[in-house]
Amino acid sequence: MNNLIRFFSPPMAFCLKLLILVSLVLPLHAQLIPKCSKPTVRKEWRTLSVTERLSYISAVQCLLKKPAITSKSDMPGVTNRFEDFLGTHIAQMEDIHFVGVFYPWHRLLLHAYEKELQACGYNGAQPYWDWTLDTSSPEAFFNSPIFDAKTDFGGNGDWIPGNITHPMEGIFVTSGGLDIPDRTGGALQP
Ligand SMILES: [Cu+2]
């Protein structure tokens, strides 16, 4: 190899040696890292069984009832364990978005959140909503199983005056966007 490298200038030869060294060490390092035998699998909400969905919702309600661990002097608005996560995210917004640590930071937050859900009896991973499955029409969106009031995230919440079809005097409503019909309350309400 030295015979080959001597054809390069000293800085180039140094870079080449470094490159060869790194290419030798990296695969070795990858082999030394233990493989994850039971990786967390996050599933689309509607692929969970009804029992799993209810268990998830119950765990979130459990977090809503647990006391916060965030200091009141840091975040006075945080009132429970669920809001610890919201507050943490809000407080660090400026530093964790549009930066290199975006993915690692959010992975860590989600991992910590999953651990808290599991401490409240939920055995799975944080599910996600593939909302593209519900966008073929406004009806498909409103009828998405994710809005089921008994087994999912509820309807459209309590009555809020002043939407487009039910304007309330004195409350300004902008036109456009979705006019959410009815407000049937949600399963996530404490
Ligand atoms: Cu974020």
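Analyst: Let's start with a word we'll need: two residues touch, or are in contact, if their C-beta atoms, placed from the backbone, lie within 7 Å. Keep in mind that this is a predicted model. By that 7 Å rule, Val78 touches Ala68, Thr70, Glu83, Asp84 and Gly87, leaving out residues up to four places away in sequence.

User: Where does Val78 sit, and what makes it buried?

Analyst: Val78 is in the loop between α3 and α4. To be called buried, a residue needs 20 or more other C-beta atoms within 10 Å of its own. Val78 has 21, so it makes the cut. One of its contacts, Ala68, is 10 residues away along the chain, yet the two C-alpha atoms are separated by 6.7 Å.

User: Okay, and what makes Phe98 exposed?

Analyst: Same kind of count, other end of the scale. Exposed means 12 or fewer such neighbours, and Phe98 has 7 C-beta neighbours inside 10 Å, so it counts as exposed. You'll find Phe98 in the loop between α5 (93-96) and α6.

User: What is the phi of Phe98 like?

Analyst: Phe98 has a phi near 60°, which is positive, and it isn't a glycine. Most residues other than glycine have a negative phi. There's another positive phi just after α6, where Gly121 takes about 95°.

User: Why is Pro127 called partly exposed?

Analyst: Partly exposed is the band between the two cut-offs, 12 or fewer and 20 or more. Pro127 has 17 other C-beta atoms within 10 Å, so it lands in that band. Pro127 is in the loop between α6 and α7 (138-142). Its contacts, not counting residues up to four places away in sequence, are Arg42, Lys43, Glu44, Trp45, Leu48 and Tyr56. Pro127 and Glu114 are 13 residues apart along the chain, with 9.8 Å between their C-alpha atoms.

User: And Lys115: buried or exposed?

Analyst: Count again: Lys115 has 9 other C-beta atoms within 10 Å, so it is exposed. Lys115 belongs to helix α6. From Lys115 to Gln126 is 11 residues in sequence and 9.6 Å in space, C-alpha to C-alpha.

User: How do you know that the span of α6 agrees with what it should be?

Analyst: The expected span is 1.5 Å times one less than the number of residues. For the 18 residues of α6 that gives 26 Å, and the end C-alpha atoms are 26 Å apart, so the two agree. You can try the check on α3 too: it has 16 residues and reaches 23 Å, close to the expected 22 Å.

User: Which residues of α3 are buried, and how do you know that they line one face?

Analyst: They are Arg53, Tyr56 and Ala59. Look down the axis of α3 and these buried residues fall within an arc of 125°, so they line one face of the helix. It helps to know that an α-helix has 3.6 residues a turn, so residues three or four places apart point the same way. Over on the other side of α3, Val50, Thr51 and Lys65 are exposed. The buried residues of α3 pack against α6.

User: What about the buried residues of α4 (residues 81-91)?

Analyst: In α4, Arg81, Phe82 and Asp84 are buried. Seen down the axis of α4, its buried residues fall within an arc of 160°, so they also line one face. They pack against α3 (50-65) and α6 (102-119).

User: Why is α4 called roughly antiparallel to α6?

Analyst: The axes of α4 and α6 come within 11 Å and cross at roughly 175°. An angle over 145 degrees counts as roughly antiparallel, so α4 earns that label against α6. Where they meet, Arg81, Phe85, Thr88 and His89 are on the α4 side, and Leu109, Tyr113 and Glu116 are on the α6 side.

User: Zooming out, how many helices and strands are there in the protein?

Analyst: Seven helices and zero strands. Buried residues make up 6% of the 190 residues.

User: What pLDDT does the protein average?

Analyst: It averages 82, and 73% of the residues score at least 70. Residues 184-190, though, have a pLDDT below 50; that stretch has 26 contacts in the model beyond near neighbours in sequence. Where pLDDT is low, the predicted coordinates should not be read in detail.

Methods. Residues are numbered from 1 along each chain as its sequence is written. This is a predicted model: local features need pLDDT of at least 70, side-chain atom pairs count only at pLDDT 80 or more; totals for chains, interfaces and linings use all residues. Helices (H or I, at least four residues) and strands (E, at least two) are DSSP runs, numbered from the N terminus. The arc is that of the directions from the helix axis to the C-beta atoms. pLDDT is the predictor's confidence in each residue, from 0 to 100. Axes are lines fitted to C-alpha atoms, for helices over the stretch in contact, and angles run from 0 to 180 degrees between N-to-C directions. Angles under 35 degrees count as roughly parallel, over 145 as roughly antiparallel, 65 to 115 as roughly perpendicular and the rest as oblique.
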